[in-house]
Amino acid sequence: MSKFINYFILFSNCVIVKGHSQGAIYDLTRERYLIIPNDLIEIIKLAKKYTIKEIKNKYKKDARGILQYINLLIEKEYGFLTEQPFLFPDIDFTWQYPSLIRVAIIEFTQKSLTLNYADTIFDQIILLGCKSLQIVIKDRLPIIKVEQMIRLVENRGLSYIEIVIDGKYYNINNIKNLLSKYLNIRKIVITNSKTNSTDVNNHELNNKGYIQHVLLSFEKYYNCFENKNNVFKVNLPFYCESVNRNNCLNQKLCIDSEGNIKNCPHSEYNFGNIKKDNIGDIVKMSNFQKYWFMTKDEIKECKRCEYRYMCLDCRVFIEDKKDIFSKPMNCDYKP
Ligand code: SF4
């Protein structure tokens, strides 16, 4: 049977995103992407309704090029031929998350307010259904204190704990020990390391957790403007969140070392303080949630960029402080 009677469709987990001058196909399962011409996007959309033969007849002049592209997409496993395209419906990319707070970032120092209130903070964020916690240790907090904190959140439903530390203050064996003892620690980032590398399976007791060594100083790693790594993410949850919400601030809570309750640790604005306010009351405030719903489709320049649903947004370090819709400052790309 000739392949020309078939329809070409992308796998349901591969989505097309049109930009101003070019487009992209995001493969949300294999976590990769392919840049394609915008014209091909139109063809891919049409190919769902018309057979290859009909497309060839419709675009006689460009038929050869179109077929080459379709073959390339099949070869690279972004799409396939079928006689029954209706059997492959689109995925529902609605954003749904079962709790109000998705992730909490909490800063600690030797003398911080958060250290004294750690128990209360953890109780409150767990009550809000938060499952992911980033603990940021900003100075030489003794390892014994770090461990005491981890014990406070042990077996309390947090599925992901990440710790960020400054490598110049800690002994690597103590860090490995911590990772092996507490199974919900999934990642420990050691800044000021001698290499950029990842130690997977540091200990057979915690085969899900790993240590990430980074060359950057603590200050640079922790500052989104300075740290330009990990800006692009191609995966299903990130795509769903990016299409519907702000992919950085949505359902995020930060508590700085002074106990201030914020959207982002680098934001100058705070909504209250753990000394006097209940975290649950603060995060329910509409003002606190203001940026949660701001997608890249509203941001100047980003809205016409093919990377917009894989690119981490930033609402703190922006090009024009007076315009909240202005583009993140750390991007030189002109879509
Ligand atoms: S920040 Fe840059 S790369 Fe990211 S979406 Fe905006 S224009 Fe595109």
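Helices and strands here are DSSP runs, numbered from the N terminus. With that in hand, a look through this predicted model can start with the whole chain and then move to the details.

The protein chain comes with 10 helices and 14 strands. Its C-alpha atoms fill a box of roughly 75 × 50 × 35 Å along the principal axes. Of the 335 residues in the protein chain, 34% are buried. Contacts reach well along the sequence: taking those between residues at least 6 apart, 66% join residues at least 24 apart.

Towards the N terminus there is a sheet to look at. Three strands make up this open sheet, in the order S2-S3-S4 and with antiparallel pairing. S2 and S4 sit at the edges with a single partner strand each, so one side of each has no neighbour in the sheet. On average, and ignoring direction, neighbouring strands of the sheet are turned by 20° against each other. As for what holds such an arrangement together, strands of a sheet pair through backbone hydrogen bonds, in either a parallel or an antiparallel way.

The link between S2 and S3 can be followed residue by residue. A hairpin of four residues takes the chain from S2 to S3. The two strands, S2 and S3 (residues 23–27), then run antiparallel and share five bridges. Within this pair, Lys18 is found opposite Gly23 of S3.

Helix H1 goes with this sheet. H1 lies across S2, S3 and S4, and runs at about 130° to S2. Which residues of H1 (residues 38–47) are buried? They are Leu40, Ile43, Ile44 and Ala47. These four residues span an arc of only 100° around the axis, and therefore lie on the same side of H1. The cover over the buried residues of H1 draws on several elements: it includes the strands S1 (7–10), S2 (14–18) and S4 (32–36), along with the helices H2 (52–58) and H3 (63–75).

Two loop residues stand out for their backbone angles. Glu77 is not a glycine, yet has a positive phi, near 65°. Glu77 belongs to the loop that runs between H3 and strand S5 (79–82). Gln251 is another non-glycine residue with a positive phi, in this case about 50°. The loop that holds Gln251 lies between helix H9 (236–244) and strand S12 (252–255).

Are these two residues buried or exposed? Glu77 is exposed, because only 12 or fewer neighbours are allowed for that label and Glu77 has 11 other C-beta atoms within 10 Å. Gln251 has 21 other C-beta atoms within 10 Å, and Gln251 therefore counts as buried, the cut-off being 20 or more.

Last comes the ligand, towards the other end of the numbering. What surrounds the ligand? The shell consists of Lys296, Glu301, Cys302, Cys305, Tyr307, Arg308, Cys311, Lys327, Pro328, Cys331, Tyr333 and Pro335. Sorted by class, this shell has eight nonpolar and four charged residues, and no polar ones.

Technical notes
Residues are numbered from 1 along each chain as its sequence is written. This is a predicted model: local features need pLDDT of at least 70, side-chain atom pairs count only at pLDDT 80 or more; totals for chains, interfaces and linings use all residues. The arc is that of the directions from the helix axis to the C-beta atoms. Two residues are in contact if their C-beta atoms, placed from the backbone, lie within 7 Å. A residue is near a molecule or strand if its C-beta atom, placed from the backbone, lies within 6 Å of it. Ala, Val, Leu, Ile, Met, Phe, Trp, Tyr, Cys and Pro count as nonpolar, Asp, Glu, Lys and Arg as charged, and the others, Gly among them, as polar. Two strands pair if DSSP finds at least two bridges between them. Axes are lines fitted to C-alpha atoms, for helices over the stretch in contact, and angles run from 0 to 180 degrees between N-to-C directions.
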